[in-house]
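Trainee: Could we go through this structure together, one question at a time?
Mentor: Gladly, let's take a look.

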Amino acid sequence: MNTEKEIKRITTKALSLLKKKGIKITALTAYDFITAKLIDEAGIDIILVGDSLSNVFQGNETTLPVTMDEMIYHTKAVAKAVDRAMVVVDLPFMSYQLSVDEGFRNAGRIMKETSAGGVKLEGGERVAETVRKITQAGIPVMGHIGLTPQSIHQFGSYRERGRNKEEAEEILNDSKIMEEAGAFAIVLEKIPASLAKKISESLTIPAIGIGAGMHCDGQILVTPDMLGLNLEFHPRFVRHYAKLAEKINSAVKKYVEDVKNKHFPDESESY
Ligand code: KIV
């Protein structure tokens with residue numbers, strides 16, 4: 001039986017089945033129609049409209065500035081392109097920190113105004129009540145612990161989390177709380193592989209790693225990073241599956257040269 005081929009549309013149930021069968025889950029980000037279409041056609045399981053769009057799409061230094069309206073705008077475009085993957089959207093900074101009701105309302109708004117399949121939010125114990133309320137309304141929630149970029153000003157740097165015993169215990173505890181609160185999966189960002197292994201093995205929900213080693217139930221990367229659109233950004237956990245920055249640069253240079261030299265368009269490209 002080929003479980004992956006049999007799954008026509010990725011749902012929370014399908015992801016749980018993949019974990020049970022020991023089949024790794026794949027996830028990437030997308031912020032626009034064409035990228036979402038390409039990665040969906042290539043067989044990705046989860047497409048995250050991440051608040052990383054603040055960095056890689058809007059050019060901001062952190063994920064903090066992106067708004068609910070902007071997340072909704074991008075998610076609508078992504079969801080239109082996707083046939084198989086599960087589309088998950090980040091609840092942006094300050095859309096759920098104010099109160100449980102505010103987070104609940106914003107999760108509901110995203111689900112109503114886009115065709116997403118679920119939302120993601122950062123934090124463990126401190127967002128457990130919000131996760132409980134959102135999931136009780138039938139909205140799938142993905143947790144996100146470890147390095148949580150919305151708290152960057154509290155952390156002070158993007159260094160890995162969970163290196164010391166206290167932090168590791170807190171992250172392990174947060175992962176259990178997220179599962180108990182009803183999350184269908186959890187992202188583990190930039191934590192030691194040994195801690196991610198312990199968490200993945202102790203949870204029944206899938207743990208999706210980014211910079212969290214090989215033992216997670218799945219992996220997620222930011223698509224422009226793994227496609228090598230910005231070769232200067234190369235942290236240890238990013239593998240460049242392509243170097244699109246170089247390809248785009250030489251294609252554009254060739255186009256400029258052809259237009260300047262009157263080699264484009266030729267007769268076959270004219271009406
Ligand atoms: O916003 C994002 O892209 C994310 C991933 C890094 C997991 O949260």
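Mentor: What follows is a short set of questions and answers about a predicted model.

Trainee: Which classes of residue make up the shell around the ligand, and how many of each are there?
Mentor: Let's start with who is there. The residues surrounding the ligand include Thr 29, Leu 48, Asp 51, Asp 90, Lys 120 and His 144. Sorted by class, the shell has 4 nonpolar, 4 polar and 3 charged residues.

Trainee: How much of the ligand's accessible area does the protein cover?
Mentor: Look at the polar side-chain atoms beside the ligand's oxygen atoms. One in Asp 51 lies 3.0 Å from a ligand oxygen, and one in Asp 90 lies 3.1 Å from a ligand oxygen. For Lys 120, a side-chain N or O atom is 2.9 Å from an oxygen of the ligand. Of the 260 Å² that the ligand has accessible on its own, the protein covers 95%.

Trainee: Which residues of domain 1 lose the most area to domain 2?
Mentor: First, the bounds: domain 1 is assigned to 3-240 and domain 2 to 244-271. About 320 Å² is buried between domain 1 and domain 2, with 72% of that from carbon and sulfur atoms. On the domain 1 side, 88% of the buried area comes from three residues together: Leu 227, Leu 229 and Leu 231.

Trainee: How many residue pairs are in polar contact across the interface of domain 1 and domain 2?
Mentor: The side of domain 1 that touches domain 2 has 3 nonpolar residues, 1 polar and no charged. Across this interface, the count of salt bridges is 0. For residue pairs in polar contact, the count is 3.

Note on methods: Residues are numbered from 1 along each chain as its sequence is written. This is a predicted model: local features need pLDDT of at least 70, side-chain atom pairs count only at pLDDT 80 or more; totals for chains, interfaces and linings use all residues. Side-chain values use heavy atoms; hydrogens and water are left out. A residue is near a molecule or strand if one of its heavy atoms lies within 4 Å of it. A polar contact is a pair of N or O atoms within 3.5 Å; within protein, one must be able to donate a hydrogen and the other to accept it, and residues adjacent in sequence count only if both atoms are side-chain atoms. Accessible areas come from the Shrake-Rupley method with a 1.4 Å probe; for residues, only the protein chains shown count as cover. Ala, Val, Leu, Ile, Met, Phe, Trp, Tyr, Cys and Pro count as nonpolar, Asp, Glu, Lys and Arg as charged, and the others, Gly among them, as polar. Domain bounds come from an automatic or database domain assignment. Buried area is the accessible area (1.4 Å probe) that two parts lose on being put together, summed over both. A salt bridge is a side-chain nitrogen of Lys or Arg within 4 Å of a carboxyl oxygen of Asp or Glu.
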